[in-house]
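Me: Could you take a close look at one pairing within the fold of this model and build outward from there, ending with the contact between the chains? Please give the cut-off behind each term as you come to it.

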Amino acid sequence: MSALDAPVEFVVAREPEAEQLQRAARARLRRWGGEERFREISALFLVETPRRLRAARTCIRRDDADGLRRLALSLRGACARMGAARMVELCEAIEQAAAGSQLADAGPLLDALRGEYVTVRASMERELSAPEETLCDR
Amino acid sequence: MRPVIAVVEDNADNRLLLQAILDHRFDLREYENGAEALDGLRRAPPDLVLLDMSLPGMDGLEVLRRLRADPALSGLPVVALTANAMRGERERCLAAGFDEYVTKPIVDSRALVHLIDRCLAARSRR
């Protein structure tokens with residue numbers, strides 16, 4: 001079973017500060033577009049991120065530095081929108097590795113990014129499965 | 001009548017975000033790549049264009065160059081959407097012919113709406 005498929009209950013709880021950043025970013029999205037649009041954006045993040053991570057792995061395998069840089073750039077924007085600060089840092093590091101054609105360095109960074117995504121996904125899924133009236137208080 | 005904003009952005013999540021911020025004030029038309037955008041803009045010019053700099057294939061700079069070379073579209077206000085927050089990026093965008101620039105991720109929705117209002121007002125004064 002890959003990390004991406006791991007059940008939420010297996011994910012180790014992380015530091016509260018990262019969680020707070022994510023909650024704040026999600027609250028901002030709710031303010032901007034309401035609950036329905038927030039859920040659409042979140043659902044798209046949860047579908048697109050694993051797809052982009054797989055595509056990034058393919059780029060490394062094919063030695064496609066430019067493709068990897070572009071994917072890391074897209075991922076960085078999506079992660080920043082969700083307040084996933086550690087993912088943003090890892091995306092930046094992958095972008096830099098790709099820009100310098102250092103694809104060997106990008107592999108471990110991508111592994112770390114996948115691991116971090118599992119944590120972020122768990123936090124998002126907890127929030128998305130909570131009743132809406134409790135979300136309004138956040 | 002509400003102003004029409006063309007959003008040229010290949011990422012669906014960025015388009016959704018712009019909908020969330022803008023569609024209560026503006027009518028949005030969305031394009032996923034430069035060629036599609038140029039075709040659509042020529043058929044029905046909007047009031048303003050939000051143009052992603054890093055489109056695949058024809059990038060934002062090339063789309064802008066073609067817009068500015070088209071007499072029917074050359075006067076359109078065009079705002080660059082860029083993930084590059086480096087010092088000097090704004091100057092680089094303005095020198096290339098953009099009217100304004102916005103860095104992604106967008107964190108201040110009011111600032112974006114204000115910037116669009118400012119560009120639209122400047123256009124109406126021309």
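Reply: The bridge partner of B:Leu51 in S4(B) is B:Ala80, and this is part of a pairing in which strand S3 (residues 48-52) and strand S4 (residues 78-82) of chain B run in the parallel sense over 4 bridges. Strands here are DSSP runs of E with at least two residues, helices are runs of H or I with at least four, both numbered from the N terminus, and two strands pair if DSSP finds at least two bridges between them. The model is a predicted one, in which local features need pLDDT of at least 70, side-chain atom pairs count only at pLDDT 80 or more, and totals for chains, interfaces and linings use all residues. Residues are numbered from 1 along each chain as its sequence is written, chains are lettered from A and ligands numbered from 1 in the order written, and side-chain values use heavy atoms, with hydrogens and water left out.

The wider sheet in chain B is open, with 5 strands in the order S2-S1-S3-S4-S5 and parallel pairing. Its edges are strand S2 (27-31) and strand S5 (100-103) of chain B, each of which pairs on one side only. Neighbouring strands of this sheet are turned by 20° against each other on average, direction ignored, the axes being lines fitted to C-alpha atoms (for helices over the stretch in contact) and angles running from 0 to 180 degrees between N-to-C directions.

Helix H3 (residues 60-69) of chain B packs on the sheet and touches both S3 and S4 of chain B, its direction making about 150° with that of S3(B); contact means heavy atoms within 4.5 Å. Helix H5 (residues 109-125) of chain B also packs on the sheet, touching strand S1 (4-8), S3, S4 and S5 of chain B, and its direction makes about 170° with that of S5(B).

Turning to the two chains, the contact takes 17 residues from chain A and 19 residues from chain B. About 1,600 Å² is buried between chain A and chain B, with carbon and sulfur atoms giving 56% of it; buried area is the accessible area (1.4 Å probe) lost by two parts on being put together, summed over both. Of the area that chain A buries against chain B, 41% is supplied by A:Trp32, A:Arg37 and A:Arg81, more than by any other three residues. Between the chains the count is 3 salt bridges, each a side-chain nitrogen of Lys or Arg within 4 Å of a carboxyl oxygen of Asp or Glu. A:Arg37 forms a salt bridge with B:Asp23, the closest N and O atoms being 3.0 Å apart.
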